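Open the model in your viewer and keep the selection box handy. Each stop below gives you something to select, then tells you what is there.

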Amino acid sequence: MSQAERFEILVLGSGTGGKLLAWHMARAGRRTAVVERRWIGGSCPNINCLPSKNEIWSAKVASLVRRGAEFGAKTGRVAIDMATVRDRKRSMVDHQIAAHLRNYKESGTELIMGSGRFVAPKTLEVQLNDGGTPLLIGDRVFINVGTHAAIPGVPGLEAAQPLTNIEALELDHVPRHLIVVGGGYVGLEFAQAYRRFGSRVTIIEHGPQMMAREDPDVSEELQRILSGEGIQFLVGAKIVRVDGRSGTKVSLVVRTRSGEQEVAGSDILVAAGRIPNTADIGLDKTGVELNAHGFVRVNERLETSAPDVWAIGECAGSPQFTHVSEDDFRIIRDNLAGGTRSARDRLIPYCMFTDPPLARVGLSEVDAQRQGIDVRVARLPISSVLRAQTTGETQGFMKALVAAHHDRILGFTMIGPEAGEVVATVQAVMLAKLPYSTLRDAVLAHPTMAEGLGPLLSNVAPRVDE
């Protein structure tokens, strides 16, 4: 066995939380190394958040061009050049990678490109991408390995070589008929984008509704909007088998309440959940425990069952958002400095980048019912917001949940333009624990989407004790 190299800070995986921690510790004078198999900076800037939103924006532009006549801009036939769409995305990714490499260099963090596997507690053997197998020991070790797309165990599905989010972002052509397996955030975002690029699109969802964690009215409204764009839905549908190969010709036998039917298409995109990248990395040799779903078991400080070993981001079971991984970094950073930060009771915003987008923070109505919390519910159609009338983007609604016995906002959901920006305003009021009337009576700029919060909260019923 070769001589091991020791680091004060050793991070496996270069995703958001891990890289931020590494750069911070290296700048503080700690000898720090990050081991990364492939994606410099993690999945977000390479194959997930940023590149998908880049191509989604191209699809929005395509949609607006087709609708140009509505706004007085007359155009001819619209043609989609997917190679240009892809190259625009690649250019942004290259810029992101270059920025990450500068941060590694300027911070003094050593970036080691290779596949890491634990061979003893806090000890990694790394199969370098360019050859060699050094041993690395960390005084403090951070597991930051992320997740990958799950491929359901449907007969013939894996053999069909379906697209995942990675391959869908590399297409240089528009699929004739894209079949999307899964009606969650990723599936709906890609479905709408490729429909706008010109694909026929069918979404197959096993559960009783799209977006299983959202309220039924939210799911119904998004499905109505996307159906209006020509996307077909099969809900409560079980895929019995798959024949053919994605990219050429595929056929799916699907069982619904009305019986079995065949869905034929050209390509399959699987967006049916994520699996943590914790298998086959030697965690059994470290004392790090996993839960039943393969996620690293952590406490509220993100400490694992092994001493001086932490887990960050999706592999630790944190909600699968980059902004949560960034907060994981802040928790660990501050606690290493003597703080008492916790992952418990975080107010985490959600945003799906369909058009219009969906954003939510705090409780949904289903959450409130499940937890036995009495709430007052206020709703406002987006068509009532004057800003939406100026742009013609009038689909969707806002919904606020206010406590029945006090005046704090417990939850907010919006389907509508700029929902991700509007939700931040509500989140700030919730974090400050201010009464909803503070936002209801605020002087908000006109005409903006946030201005709709005033009339929305004016619809809140009086408290039950008033």
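**Stop 1: E214**

Select E214 and show its neighbours. Beyond the residues up to four places away in sequence, E214 touches Y185, Q209, L358 and R360. Bear in mind that this is a predicted model. Now show the side chains of E214 and Y185. They make a polar contact of 3.0 Å. Trace the backbone around E214: this residue sits in the loop between β8 (200–205) and α7 (216–228). Is E214 buried or exposed? Its relative accessibility is 5%, so E214 counts as buried.

**Stop 2: helix α4**

Select residues 82–107. This is helix α4, with 26 residues. Put a distance between its end C-alpha atoms: they are 37 Å apart. At 1.5 Å a residue the helix should span 38 Å, so the two values agree.

Go to the N-terminal end. D81 caps α4 there, with a side-chain oxygen 3.2 Å from the backbone nitrogen of A83. Then jump to the other end. G108 follows the helix, and its phi is positive, near 90°.

Colour the buried residues of α4 next. They are M82, V85, R86, K89, V93, H100, Y104 and S107. What covers them? The cover includes the helices α1 (16–27), α2 (43–46), α3 (49–66) and α6 (185–197). It also includes the strands β2 (32–36) and β3 (110–120).

**Stop 3: R86**

Stay in α4 and select R86, which belongs to this helix. Why does R86 count as buried? Its relative accessibility is 14%, and the cut-off for buried is under 20%. Show the side chain of D87 as well. A polar contact of 3.4 Å joins it to the side chain of R86. Then widen the view. Not counting residues up to four places away in sequence, R86 touches E55, L169, E170, L171 and D172.

**Stop 4: helix α3 and its crossing with α4**

E55, a contact of R86, leads to the next selection. Select α3, residues 49–66. It has 18 residues, and its end C-alpha atoms are 26 Å apart. The expected span at 1.5 Å a residue is also 26 Å, so this helix agrees too.

Buried in α3 are P51, S52, N54, E55, I56, S58, A59, K60, A62 and S63. Among the elements covering these residues are α2, α4, α5 (165–168) and α6.

Show α3 and α4 together. At what angle do their axes cross? They cross at roughly 145° and come within 9 Å. The crossing is right-handed. On the α3 side, the contact is made by L50, P51, N54, E55, W57 and S58. On the α4 side, it is made by M82, V85, R86, R88, K89, M92, V93 and Q96. Colour these residues by type: seven are nonpolar, three polar and four charged.

**Stop 5: V324**

Move to helix α8, residues 322–336, and select V324. With a relative accessible area of 2%, V324 is buried. Its contacts, leaving aside neighbours within four places in sequence, are S318, P319, R346 and I348. Add P349 to the selection. V324 and P349 are 25 residues apart in sequence, and their C-alpha atoms are 9.2 Å apart in space.

**Stop 6: two cis peptide bonds**

Select D355 and P356. The peptide bond between them is cis, with omega about 5°. P356 lies in the loop between β16 (350–352) and β17 (358–362).

Now select H446 and P447. A cis peptide bond joins this pair as well, with omega about -5°. Look for P447 in the loop between α12 (436–440) and α13 (453–458).

**Stop 7: two positive phi angles**

Select Q161, in the loop between β6 (147–149) and α5. Q161 is not a glycine, yet its phi is positive, about 50°. Its relative accessibility is 45%, so Q161 counts as partly exposed.

Finish at K433, in the loop between α11 (419–431) and α12. K433 is not a glycine either, and its phi is positive at about 60°. Is K433 buried or exposed? At 54% relative accessibility, K433 counts as exposed.

Terms used. Residues are numbered from 1 along each chain as its sequence is written. This is a predicted model: local features need pLDDT of at least 70, side-chain atom pairs count only at pLDDT 80 or more; totals for chains, interfaces and linings use all residues. Side-chain values use heavy atoms; hydrogens and water are left out. Helices (H or I, at least four residues) and strands (E, at least two) are DSSP runs, numbered from the N terminus. The expected span of a helix is 1.5 Å times one less than its number of residues. Buried means under 20% relative accessible area, exposed over 50%, partly exposed in between (1.4 Å probe, protein chains only). Contact means heavy atoms within 4.5 Å. A polar contact is a pair of N or O atoms within 3.5 Å; within protein, one must be able to donate a hydrogen and the other to accept it, and residues adjacent in sequence count only if both atoms are side-chain atoms. Axes are lines fitted to C-alpha atoms, for helices over the stretch in contact, and angles run from 0 to 180 degrees between N-to-C directions. A crossing is left-handed if the near helix is turned anticlockwise from the far one by less than a right angle, and right-handed if clockwise. Ala, Val, Leu, Ile, Met, Phe, Trp, Tyr, Cys and Pro count as nonpolar, Asp, Glu, Lys and Arg as charged, and the others, Gly among them, as polar.
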